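Colleague: I should like to go through this model with you and learn on what grounds each label is given. May I put my questions in turn?

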Amino acid sequence: MKTEKRTSFSIFASVIRALFLREIQTRFGTKKFGYIWALVDALSQIIVFSVIKTLISDSAMPQIDFPVFLATSFLAYNFFRDIVKKSMDAFDANSALFVYKQVKPIDTVIARVLVELVVLVAATAVLVGLGAYLGFDMAVENINMVLFAFAWIGLFGLSLGLFFAVVIVYFPNFGRVVNLLFTPLFFLSALFYTMASLPPVAREVLFYNPVVHFIEMIHGFYFSTLNTDFVDYSYMTAWTLLPLFLGLWLYRHSEKRIIAS
């Protein structure tokens with residue numbers, strides 16, 4: 001019986017599928033309540049900051065349901081953060097699989113990004129349903145641009161994650177530095193305020209944070225009362241393509257070392 005030769009793409013697809021299922025199993029386990037924890041992160045952030053905002057002021061964002069504003073912020077930020085963190089740890093966490101020649105180190109990064117995408121879709125569906133049930137205004141001004149912005153921030157996270165993953169091969173402690181940076185980044189990324197609400201000096205400083213531009217883009221296209229005046233698309237493109245190019249170039253010249261490490 002003649003065996004049909006598999007194409008490179010079919011082998012790649014099979015590897016990604018197997019790695020994806022392995023990541024799901026590793027991250028959420030066999031208990032059905034494990035999947036619920038994927039929602040707890042964003043939901044707890046929304047509740048905490050909604051309460052804080054209510055205690056400070058009840059009229060800071062007229063014509064906008066603040067929990068919906070927070071939901072768009074935290075879903076996007078958590079998506080970006082988790083892609084970066086999971087991607088930069090992908091090589092070390094899956095090193096035992098590199099004895100199989102079909103499994104390339106970069107496949108483990110792609111599989112982890114797909115898992116984060118599934119988590120984002122599931123969390124968004126639940127939060128949209130919950131928001132509609134509670135009577136919040138869930139109307140989207142331009143859903144196509146919002147989806148585009150989410151895809152873009154995901155690609156931005158993948159670019160940084162891949163670049164950091166290769167750097168960590170040469171400098172193992174670099175990952176700790178990146179993890180530390182996410183704490184101040186949480187408060188400096190316009191997640192629970194808008195750039196327009198800040199004084200000019202603060203806007204000039206935060207303008208250099210690329211995450212701010214993605215969050216402002218999502219808010220500007222989601223809410224009809226907000227705009228994208230503080231979004232610099234050229235800056236976002238540079239921050240996406242430069243680490244992507246460096247990450248792929250370094251990976252190409254470091255693949256053997258990654259497999260051997």
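Colleague: Why is phenylalanine 66 called buried or exposed, whichever applies?

Modeller: Phenylalanine 66 has a relative accessible area of 11%. Buried means under 20% relative accessible area, exposed over 50%, and partly exposed in between, with a 1.4 Å probe and protein chains only. Phenylalanine 66 is therefore buried. Please bear in mind that this is a predicted model, in which local features need pLDDT of at least 70 and side-chain atom pairs count only at pLDDT 80 or more, while totals for chains, interfaces and linings use all residues. Residues are numbered from 1 along each chain as its sequence is written, and side-chain values use heavy atoms, with hydrogens and water left out.

Colleague: How many aromatic pairs does a search of the whole structure find?

Modeller: The search finds 23 aromatic pairs. Rings of Phe, Tyr and Trp (its six-membered ring) pair if their centres lie within 6.5 Å; planes under 30 degrees apart count as stacked, over 60 as edge-to-face and the rest as tilted.

Colleague: What makes the pair of phenylalanine 66 and phenylalanine 69 stacked?

Modeller: The ring centres of phenylalanine 66 and phenylalanine 69 are 5.9 Å apart and the planes are at 15 degrees, so the pair is stacked. The two residues are three residues apart in helix H3, and therefore separated by about one helical turn. Helices (H or I, at least four residues) are DSSP runs, numbered from the N terminus. Phenylalanine 69 counts as buried because its relative accessibility is 0%.

Colleague: And what kind of pair do phenylalanine 156 and tryptophan 239 form?

Modeller: Their ring centres are 6.4 Å apart and their planes are at 85 degrees, so this pair is edge-to-face. The pair links distant parts of the chain, with phenylalanine 156 in helix H6 (residues 143-170) and tryptophan 239 in helix H10 (residues 233-260), 83 residues apart. Phenylalanine 156 counts as buried at 1% relative accessibility, whereas tryptophan 239, at 33%, is partly exposed. Both residues belong to a cluster linked by ring pairs, whose members include Phe80, Phe148, Phe156 and Trp239.

Colleague: Which residues have the most contacts inside the largest nonpolar core?

Modeller: They are Phe74, Phe80, Phe91 and Phe192, in a core of 70 residues. H3 gives the most to this core, with 14 residues. A nonpolar core is a set of buried Ala, Val, Leu, Ile, Met, Phe, Trp, Tyr and Cys residues joined through side-chain atoms within 4.5 Å. Leaving aside neighbours within four places in sequence, phenylalanine 192 is in contact (heavy atoms within 4.5 Å) with residues including Phe66, Phe69 and Phe74.

Colleague: How do you know that the length of helix H1 agrees with what is expected?

Modeller: The expected span of a helix is 1.5 Å times one less than its number of residues. Helix H1 (residues 8-28) has 21 residues and should span 30 Å; its end C-alpha atoms are 30 Å apart, which agrees. Its buried residues are Val15, Ile16, Leu19, Glu23, Ile24 and Phe28.

Colleague: Why is glutamate 23 said to form a salt bridge with arginine 112?

Modeller: A salt bridge is a side-chain nitrogen of Lys or Arg within 4 Å of a carboxyl oxygen of Asp or Glu. The closest N and O atoms of glutamate 23 and arginine 112 are 3.0 Å apart. Glutamate 23 lies in helix H1 and arginine 112 in helix H5 (residues 105-133), so the pair ties together parts that are 89 residues apart in sequence. Glutamate 23 counts as buried at 11% relative accessibility, and arginine 112 is buried at 12%.

Colleague: The structure holds two salt bridges; what does aspartate 82 form with arginine 81?

Modeller: Aspartate 82 forms a salt bridge with arginine 81, the closest N and O atoms being 3.0 Å apart. Aspartate 82 is found in helix H3 (residues 66-88), and arginine 81 is placed in helix H3. Aspartate 82 counts as buried because its relative accessibility is 15%; arginine 81, at 14%, counts as buried.

Colleague: What is notable about the phi of alanine 190?

Modeller: Its phi is positive, about 60 degrees, although alanine 190 is not a glycine. Alanine 190 sits in the loop between helix H7 (174-187) and helix H8 (200-206), and with a relative accessible area of 0% alanine 190 is buried.
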